[in-house]
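Colleague: I should like to go through this structure with you, one question at a time. Please show it first.

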Amino acid sequence: MIQRLHIVRICAVTILAAQCVRPALAGNLDSPYGLNVHTPATPIEFAMLEQVAAAGVDWVRIDMNWNRAQPNPGAFQWDVFDNFTAKAEELGINVFASIKGGVPAWAAEFPTAGQGDPGYGVMRDPSEWYTYVDEAVRRYAGKIDHWGIWNEPDYVNFWYGSRQQFIDEVFIPSADIIKAANPQAKLVGPGLSMLAANQPTGPWFDWLADIMTQAGDKIDIFDFHIYRDSRAEYNFRIEWDGDLSLLYGEPPGTIISTTQSIRANLDVFGWDGPVWITESGWDYEPTDPDFAATRLTETLEDWFTGDPDRSWVDKFFYFHMWDGPGGQGEGLFHADGTPRETYHAYADFMAAHPVPEPSTLVLLLSGGAMALATSVGRRRCKSLR
C-alpha cells in the first residue's frame, strides 16, 4: 500500500450574496435518484425516459459531446440537445450535463489517435473548445445549470494528454467559462474513475490531489465514479477514512493513505460540500438476471435509507439507461426497450423511499413569487504542503 503524508491547511470563506431567482426546474432538486442516459434522441429512448421519470428518477446525466454539436468547423448543430432538454422539461427531470471532449477530428491535435492511444482527446487549439463550452452553457442556462467538465480524464480512453495539461488547458479555463456564461451554474467535478489506478498518466488519487490543490475552489459539487461487484469492497472504497497513524505510532490524522477511498480524500482536502456518485452500475447477467438488481438494491439500502454516518453522499446516478441494440451491459432496459430486473429494483426502492416534496416557501420562491433571495455559498480554499 502506498503511504502518503499530508499536512493540510484549509481556509474557508463564506460568501453571502443576493441572487435573482429564476423559475426552478420541475424536478425535485433534492432527490438523490439519478440515471446516466447519454444523449437520448430516438423514440425508443424517449419512451424509456418516460418510464424512468414515472418511476421516480428526478435527475439525469447526459453526454454533451463536442463532436455531436460541432462535427464540422463552423456552425453548431444543437437539434439533438434542444429536443432532449425539451423532453426533460416536459417530464420534470433535472439535467446534469457532462460537457465532454469527444473531440471532433477537425479540432484534434492527433486526428488519427484512437481511444487508448497517446494524444487521444488533446485539442489542436483549446480556444475552439472554449468557444464550444461558452456557447453550450449560455444556450441552456436555466434548462441545464449543473455542468461537469470532460469524463474520467484520468482514464486514457477519454484523455491521453498530461495531467497538468488537462488542468491548465481544459479544467480551469472551462470552469471559469461556465461560471461567466451562467452565474447560476454549479460545477460538478472532477468526475474521475476509480478504475484508473494504473493508467500511464498516473493513478486517480494523484489526479485528484492535483485538481483539488490547483482548482478545488472552482468545484461546487464533488463527484466520483465507482464500479465494484462486492458490497463490502464497494463501501470500503467509498468510506474508509485512510488513517494509518496508529499503525505507525503517530497521532491520529498525521498519516493518511488516499490510495483507497473517497472518504480519505475528502477528509484530506477538507471538503464539506455536496458529494454525488455520478456513475455506478453492474453488468446485466443473462444467466443471473437478478445479480445487478441485487447489487443496486444493496447500494441504495446502504447509502440512502437515512444512516447518519453515510448521509454525506447526496446523489446516486445509475449507469446507465440503455445499452442499445445487442447490448448486454449495465442498462436498465433490454435492447427492445423492455425493463430489466434492475429497472424494477430501482423503481421499487424509489417507491418505498419517496423524496419529500419541497416546502411551500421553496415552491413560492422557485416560481418567482419573490424577485430576490439571499443564498449562502461556501468557497473552500485549500493547500497542501
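Colleague: Are the two faces of strand 4 buried or exposed?

Modeller: The model is predicted; local features need pLDDT of at least 70, side-chain atom pairs count only at pLDDT 80 or more, and totals for chains, interfaces and linings use all residues. Residues are numbered from 1 along each chain as its sequence is written, and side-chain values use heavy atoms, without hydrogens and water. Strands (E, at least two residues) and helices (H or I, at least four) are DSSP runs numbered from the N terminus. On one side of strand 4 lie Asn94, Phe96, Ser98 and Lys100, on the other Val95, Ala97 and Ile99, and both faces are buried (under 20% relative accessible area, 1.4 Å probe, protein chains only).

Colleague: Why is strand 4 described as largely enclosed by the rest of the structure?

Modeller: Strand 4 covers residues 94-100. It is largely enclosed because the number of its residues that are buried is seven of the seven.

Colleague: In strand 4, which residue is the bridge partner of asparagine 65?

Modeller: Strands pair if DSSP finds at least two bridges between them. Strand 3 (residues 59-65) and strand 4 pair in the parallel sense over seven bridges. The partner of asparagine 65 in strand 4 is lysine 100.

Colleague: In strand 5, which residue is the bridge partner of serine 98?

Modeller: Strand 4 pairs with strand 5 (residues 146-149) in the parallel sense, over four bridges. There, the partner of serine 98 is glycine 148.

Terms used. Buried < 20%, exposed > 50% of the residue type's maximum accessible area, 1.4 Å probe, protein only.
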